[in-house]
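This report introduces a structure to a reader who has not met it before. Please keep the sequence and the model at hand while reading.

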Amino acid sequence: MAASDSGTDESLYPIAVLIDELKNEDVQLRLNSIKKLSTIALALGVERTRSELIPFLTDTIYDEDEVLLALAEQLGNFINLVGGGEFAHCLLPPLESLATVEETVVRDKAVASLRAVAAHHTPQALEQHFVPLVQRLAGGDWFTSRASACGLFSVCYTRVSAPVKAELRQHFRSLCQDDTPMVRRAAAYKLGEFARVVEVEYVKSDLIPMFVYLAQDEQDSVRLLAAEACATVAALLPPEDMEQLVMPTVRARAGDTSWRVRYMVADKFVELQQAVGPELARSDLAQIFQGLLKDTEAEVRAAAAGKVKDFCMNLDKAHQEHIIMTMILPQIKDLVCDPNQHVKSALASVIMGLSPIVGRHNTIEYLLPLFLTQLKDECPEVRLNIISNLECVNEVIGIQQLVQSLLPAIVELAEDTKWRVRLAIIEHMPLLAGQLGQEFFDEKLTGLCMSWLIDHVYAIREAATLNLKKLVEQYGATWAETNVIPKVMAMSREQNYLHRMTYLFCINVLSEVCGKDITTRVLLPTVLSMADDNVANVRFNVAKTLQKMAPYLDPAVIQPQVKPVLEKLNVDPDVDVKYFASEAIAGIAG
């Protein structure tokens, strides 16, 4: 008897520890115990997890939000620990309680876990356990439970019987008309997702009226979510119903009194264009888009400007050029001189993409003057965005048309006070090198590339060394020996030790692309001579560089030239120099 008692005590031990820890005053201890739930469930076995652990957790849901959040997350992964899909419904009670708490993050995580658990229910179990839970939440007294219910309709709708589907649609309609804005907001947010799983005839009869109702809500936060659902709803309808059921809402929201709603329409405009098809895009959307491009709010203009290229590209080919030249281009001309830099920057990131769409003649006549204006803009982001997208124009008209304006813009950006701007222009140098040609690059830009190697910001010096590597890959080792290596080698004799270190960083990358001959004949002697540098940081970087160079050197020089230098560094008084020298010796030997 005593033996069986001790066995029972032992099997109760995990849950006893959990109870102690969950009642502990220390939040961190409680949080840790929740994170170990899966281990405890494994120790208890599936039957006791269902009969003891889950009811215990359901009864103890009153805690700090971070503990509840961890619990909601853990329960979503508990399917196998309660015995698989057949017993998935055991997890619903604690998750239902968590879906009603005040903290939004906890509710959202509980809903995400409920959605995951729903997938493991059979159709019968859904109707028996899951749908009643959705109905309880949807009819709850607190707005928190009703808001959570909105996210659960779509996961169970497709697998239940027709009468239950009708009930679910009725509940969703009630939530769309709820007195609390937070619930209507949740319904508007999930409307598109629910519409995707509902049959088309019920989308038209039940959900479109709700969509129209939410799109006219007094709260702009609800209207903007309804505007976001426009594209999803439109994509579900046959073309003949689009004009009557969706377009009035699109027109109304594009002219909404709240700029946030108009912003959402602009942000989702390309998805909407693809959903309504070319006919309506031409007859209605082009005019609406034109209005958004000249909106009174800069945020709306910026969102619309960023969509210009995609909108124009998706237009019906037969009318594309006409719409661009008569409706879009006049607005673009105004936006190029917009007082807001974000609008100009958004436009600059896409305007070059119009070149392939409108062709050579229109690019030269209409777009080129706009590119040149933006290349002279006072805002560095605008100039940078134009330079970043030169490829599109190069394909259509060649870059020579822009060269005279390009050069001053590149030089200004290269010397900009903001280091991130300098960094961005460095990253575009290899692309420019390919488009401008070697002769022009040597004459105008090689000096610029070398000046970045002595920039006061380390990130710029690092990017400049990688830039050299890419340029050598493009122009070849002979070009490097003539144009780059002599200038780089001069840095090894600089007074500033940072410049001498940058020289070593350059050698690290150049040895990979210059070939065995140049690396052994030209680069190696200078590196070896720097082993006697009076700064320890330089000496240990010599050891690191020799290790990196070794695979690209002529094997005949390793023993007579490289090894003696490394052995000398290996007895250096500085501990770091010794460490890196020994690492290099081991690396080369290996």
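## Residue R50

In which helix is R50 found? This residue belongs to helix α4, which covers residues 46-59. The model under discussion is a predicted one.

R50 has a relative accessibility of 19% and, because buried means under 20% relative accessible area, R50 counts as buried. When neighbours within four places in sequence are set aside, the contacts of R50 are P55, V82, G83, F87 and C90. As for a position far along the chain, L466 is 416 residues away from R50, and the C-alpha atoms of these two residues are separated by 59 Å.

## The nonpolar core

The largest nonpolar core contains 214 residues. Within this core, the residues with the most contacts are F78, L285, I351, I387 and W452. Helix α14, spanning residues 220-236, supplies the largest share of the core, namely nine residues.

F78 may be taken as an example from the core. With its neighbours within four places in sequence left aside, F78 is in contact with L37, S38, A41, T49, L53, I54 and L91.

## Residue T232 and the annotated region

T232 is placed in helix α14. Is T232 buried or exposed? The relative accessible area of T232 is 18%, so the residue is buried. Not counting residues up to four places away in sequence, T232 touches G192 and R196.

An unreviewed UniProt entry lists residues 98-250 as "domain: Stalled ribosome sensor GCN1-like HEAT repeats region". In the model, this span is 78% helix and 0% strand. The C-alpha atoms at the two ends of residues 98-250 lie 37 Å apart.

## Helices α2 and α5

Two packed helices are described by the angle between their axes and the distance between the axes. For helix α2 (residues 27-35) and helix α5 (residues 65-75), the angle is about 0 degrees and the axes are 9 Å apart. The angle therefore makes α2 roughly parallel to α5.

On the α2 side, V27, R30, L31, I34 and K35 take part in the contact, meeting E66, V67, A70, L71 and Q74 of α5. By class, the contact of α2 with α5 comprises six nonpolar residues, one polar residue and three charged residues.

## Helices α34 and α36

A second pair consists of helix α34 (residues 497-513) and helix α36 (residues 536-549), which pack at an angle of about 5 degrees with their axes 9 Å apart. Since angles under 35 degrees count as roughly parallel, α34 is described as roughly parallel to α36.

Which residues make this contact? From α34 come Y497, R500, M501, L504, F505, I507, N508 and S511, while α36 contributes N537, V538, N541, V542, T545, K548 and M549. The residues of the contact of α34 with α36 divide into eight nonpolar, five polar and two charged.

## Residue M491

M491 is located in the loop between α33 (477-490) and α34. The relative accessibility of M491 is 5%, and this residue therefore counts as buried.

Leaving aside neighbours within four places in sequence, M491 is in contact with L453, I454, H499, R500, T502 and Y503. Of these, R500 is also listed among the α34 residues that meet α36. M491 and R461 are 30 residues apart in sequence, and their C-alpha atoms are 13 Å apart in space.

Methods: Residues are numbered from 1 along each chain as its sequence is written. This is a predicted model: local features need pLDDT of at least 70, side-chain atom pairs count only at pLDDT 80 or more; totals for chains, interfaces and linings use all residues. Side-chain values use heavy atoms; hydrogens and water are left out. Axes are lines fitted to C-alpha atoms, for helices over the stretch in contact, and angles run from 0 to 180 degrees between N-to-C directions. Helices (H or I, at least four residues) and strands (E, at least two) are DSSP runs, numbered from the N terminus. Angles under 35 degrees count as roughly parallel, over 145 as roughly antiparallel, 65 to 115 as roughly perpendicular and the rest as oblique. Contact means heavy atoms within 4.5 Å. Ala, Val, Leu, Ile, Met, Phe, Trp, Tyr, Cys and Pro count as nonpolar, Asp, Glu, Lys and Arg as charged, and the others, Gly among them, as polar. UniProt positions are given in the numbering used here, feature names are shortened, and annotations may be inferred rather than shown by experiment. A nonpolar core is a set of buried Ala, Val, Leu, Ile, Met, Phe, Trp, Tyr and Cys residues joined through side-chain atoms within 4.5 Å. Buried means under 20% relative accessible area, exposed over 50%, partly exposed in between (1.4 Å probe, protein chains only).
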